[in-house]
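Subject: Handover of a structure

Dear colleague,

Please find below the structure that I am passing on to you. A summary of what was found in it follows.

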Amino acid sequence: MMTMSPTKYYYDLMSQPCRAIYIFLKCARIPFQSEVVALRKGEHRTPDYLKLNPMGLVPVIDDNGFVLTESVAIMKYLADKYSADESLYPKDLQLRAKVDEYCAWQHLNTRMKSAKVFIAEVIMSTPSSDVGHLVDNMNKMLDQFENIFLKKKKFIAGDQLTIADLLAACEIMQPTCSGRDVLAGRPVIKAWMDRVRNATNPYFDEAHAMVYRVREKRIKQKL
Ligand SMILES: N[C@@H](CCC(=O)N[C@@H](CS)C(=O)NCC(=O)O)C(=O)O
């Protein structure tokens, strides 16, 4: 009989999609073998890692020889194959379609618009005075997220937390690394973020420990 090993998960918790998958794996109680790939040390560019993912990006899973990249595809695969909790990626056709709708939108919106502010402020140390247009674009995205996706619902797909909320929360947390109060004046998104955090803790805080540390350091540097 062939024995199956836990899925190997290649990740760095400074990466937004990696945090979303990490929280998902923990909440869904899916065992995994942790394979940390330190981006700051260039471990995603070693010949061995490039054999696994020629694009040199995290996240990646290796499920007993089945290698998969792309966070959204990874979460859907793991949910369908291993999760006993169906609420995280619902089987109901219309609920699932709402989750998929958000997952399709987020790459060029939540992810891109938040990441650009993070890269400018944290990676490139661009002065705040020069990031106004990026912050404007992020704010337009946050308006759309609130008014089109969240509306008055508890979570993106309704009453239950899904992978869509995990992806969204982890992206919106990224630009907070600079010390920026991304959700200032946004009580609706702030309340949703608190619901996501409360529903997933201690894993949310565990996944964001490094984000919180970077944020505190940046705030101290500004004082
Ligand atoms: N569309 C991919 C994006 C993956 C991605 O961009 N990963 C980033 C971290 S968030 C990365 O590995 N960056 C390393 C690099 O660009 O060198 C997904 O959702 O999985």
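K152 is exposed, with a relative accessible area of 86%; here buried means under 20% relative accessible area, exposed over 50%, and partly exposed in between (1.4 Å probe, protein chains only). This residue sits in the loop between α5 (132-150) and α6, where helices (H or I, at least four residues) are DSSP runs numbered from the N terminus. From the C-alpha atom of K152 to that of L166, 14 residues further apart along the chain, the separation is 18 Å. L166 itself is one of the buried residues of α6. That helix is mostly covered, as 11 of its 11 residues are buried.

Please note that this is a predicted model, in which local features need pLDDT of at least 70 and side-chain atom pairs count only at pLDDT 80 or more, while totals for chains, interfaces and linings use all residues. Residues are numbered from 1 along each chain as its sequence is written, and side-chain values use heavy atoms, with hydrogens and water left out.

Salt bridges

The structure holds 12 salt bridges, each being a side-chain nitrogen of Lys or Arg within 4 Å of a carboxyl oxygen of Asp or Glu. Side chains of opposite charge can pair when their charged atoms come close. One of these bridges joins K91 and D80 (3.4 Å, N to O). This pair links distant parts of the chain, with K91 in the loop between α3 and α4 and D80 in helix α3, 11 residues apart. A further bridge joins R96 and D80 (2.9 Å, N to O). Here R96 belongs to helix α4 and D80 to helix α3, 16 residues apart. D80, K91 and R96 are thus linked in a network of salt bridges. Within this network R96 is buried, at 17% relative accessible area, whereas K91 is partly exposed at 46% and D80 is partly exposed at 41%.

R180 and E121 also meet in a salt bridge (2.8 Å, N to O). R180 lies in the loop between α6 and α7 (187-200) and E121 in helix α4, 59 residues apart. E121 counts as buried at 10% relative accessibility, and R180 is partly exposed at 24%.

Cavity and pocket

The count comes to 1 cavity of 30 Å³ or more, a cavity being a set of points on a 1 Å grid over the protein atoms alone where a 1.4 Å probe fits but cannot get out. The largest cavity holds about 40 Å³ of space. Its lining, made of residues with an atom within 4 Å of a point, includes D80, K91 and R96. The lining divides into 3 nonpolar, 1 polar and 5 charged residues.

The largest pocket has a volume of about 930 Å³; a pocket is an open set of points with protein on both sides within 12 Å along at least five of seven lines. Of the 34 residues that line this pocket, M14, S15, Q16, L39 and R111 are the closest to its centre. Helix α4 gives the most to the lining, with 8 residues. The lining divides into 15 nonpolar, 11 polar and 8 charged residues.

Yours sincerely

Methods: Points joined across faces, edges and corners; volume = space filled by probe spheres on them. Helix = DSSP H or I, 4+ residues; strand = E, 2+ residues; numbered from the N terminus. Nonpolar A, V, L, I, M, F, W, Y, C, P; charged D, E, K, R; others polar.
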